[in-house]
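Biologist: I would like a close look at a single part of this model, taken slowly and set in the context of the whole chain. Please keep to what the coordinates themselves support.

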Amino acid sequence: MRVIGRPDPERGSTTVAVTLAFAAPTALAPGTQVGMEIDAEQRSNVPLVPPIAVVRDAGNAAAVFVAVGDVAQRRPITTGLVDTEHVEIVSGLKAGELIVTQGLSNLRDGTAITITPR
């Protein structure tokens, strides 16, 4: 018999620390490993952008800069679900529009830009 203290996570999975709070007393000892499933929201057909592309003004309103020809256009957006790699754009951006992801610190609405393919 072999006892594994920490099972290997499944390929593609992520491990996070979670603290459980019980509404009533439980017989589980502190430090007991438990398995759990988390039902999370999932949405389809929504634009996703990298977090670095989202800029915020002094009032914390979110925006992205969209490439319109050779000009950057500041576009107010409404964000939805966020993780470390993506920000869901609920409104303000259409799928397929090119967004600026570099040089945002000094970018202003109407600034001339050069688009370089990745």
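In the hairpin of β2 and β3, which residue takes a positive phi, and how many residues lie between the strands? Please go on from there to the strand β3 itself and to what surrounds it.

Modeller: This is a predicted model, and what follows should be read with that in mind. In the hairpin you ask about, five residues lie between β2 and β3, and Asn60 is the residue that takes a positive phi, near 70°. The two strands of that hairpin pair in the antiparallel sense over two bridges, with β2 covering residues 55-56, and within this pairing Val55 stands opposite Ala63 in β3.

For the wider setting, the protein has six strands and zero helices, so that the order of elements from the N terminus reads β-β-β-β-β-β. Buried residues make up 19% of the 118 residues, and the exposed surface comes to about 9900 Å², of which carbon and sulfur atoms supply 52%. Among contacts with a separation of 6 or more, 52% are between residues 24 or more positions apart.

Against that background, β3 deserves attention because six of its seven residues are buried, so the strand is largely enclosed by the rest of the structure. On its other hairpin, β3 runs antiparallel to β4 and is joined to it by six bridges; one of the pairs across these strands is Val66 with its bridge partner Gln73 in β4. Two residues lie between β3 and β4 in this hairpin, and Gly69 in the turn has a positive phi of about 65°.

The residues of β3 can also be followed into the nonpolar interior. The largest nonpolar core has 10 residues, namely Val49, Ala53, Val54, Ala62, Val64, Val66, Ile77, Val87, Ile89 and Leu93. Two elements give two or more residues to this core, β3 (62-68) and β6 (87-91), and the largest share, three residues, comes from β3. A second, separate core of nine residues includes Ala63, Phe65, Ala72 and Leu107. As a general point, side chains in a regular strand alternate between the two faces of the sheet.

The neighbouring strand β4 (residues 71-76) holds Arg75, a charged residue that can be traced back to β3 through its contacts. Leaving out residues up to four places away in sequence, Arg75 touches Ala62, Ala63, Val64, Val66, Gly92, Leu93 and Glu97. Arg75 counts as buried because its relative accessible area is 19%, under the 20% cut-off for that class. Its side chain reaches the backbone oxygen of Gly92 at 3.1 Å, and it also meets the side chain of Glu97 in a salt bridge, with an N to O distance of 3.1 Å. In general, side chains of opposite charge can pair when their charged atoms come close. The count of salt bridges in the model comes to one. The Arg75 and Glu97 pair links distant parts of the chain, 22 residues apart, with Arg75 in strand β4 and Glu97 in the segment after β6. The partner, Glu97, has a relative accessible area of 25% and is therefore partly exposed.

The other element that gives two or more residues to the largest core, β6, belongs to an open sheet of three strands in the order β1-β6-β5, with antiparallel pairing. In that sheet β1 (48-49) and β5 (78-82) are the edge strands, each pairing on one side only. Three bridges join β5 to β6, and Val82 has Val87 of β6 as its bridge partner. Val87, itself a member of the largest core, is in contact with Pro47, Leu48, Val49, Pro51, Val54, Thr79, Leu81 and Val82 once its neighbours within four places in sequence are set aside.

Thr78 is found in strand β5 and counts as partly exposed because its relative accessibility is 41%. Beyond residues up to four places away, Thr78 touches Glu88, Ile89, Val90 and Ser91. The C-alpha atoms of Thr78 and Leu93 are 8.9 Å apart in space, for residues 15 apart in sequence.

To return to your starting point, the hairpin in which Asn60 takes its positive phi joins β2 to β3, the strand that gives the largest share of the largest core, three residues.

How values were computed: Residues are numbered from 1 along each chain as its sequence is written. This is a predicted model: local features need pLDDT of at least 70, side-chain atom pairs count only at pLDDT 80 or more; totals for chains, interfaces and linings use all residues. Side-chain values use heavy atoms; hydrogens and water are left out. Helices (H or I, at least four residues) and strands (E, at least two) are DSSP runs, numbered from the N terminus. Buried means under 20% relative accessible area, exposed over 50%, partly exposed in between (1.4 Å probe, protein chains only). Contact means heavy atoms within 4.5 Å. Accessible areas come from the Shrake-Rupley method with a 1.4 Å probe; for residues, only the protein chains shown count as cover. A nonpolar core is a set of buried Ala, Val, Leu, Ile, Met, Phe, Trp, Tyr and Cys residues joined through side-chain atoms within 4.5 Å. A polar contact is a pair of N or O atoms within 3.5 Å; within protein, one must be able to donate a hydrogen and the other to accept it, and residues adjacent in sequence count only if both atoms are side-chain atoms. Two strands pair if DSSP finds at least two bridges between them. A salt bridge is a side-chain nitrogen of Lys or Arg within 4 Å of a carboxyl oxygen of Asp or Glu.
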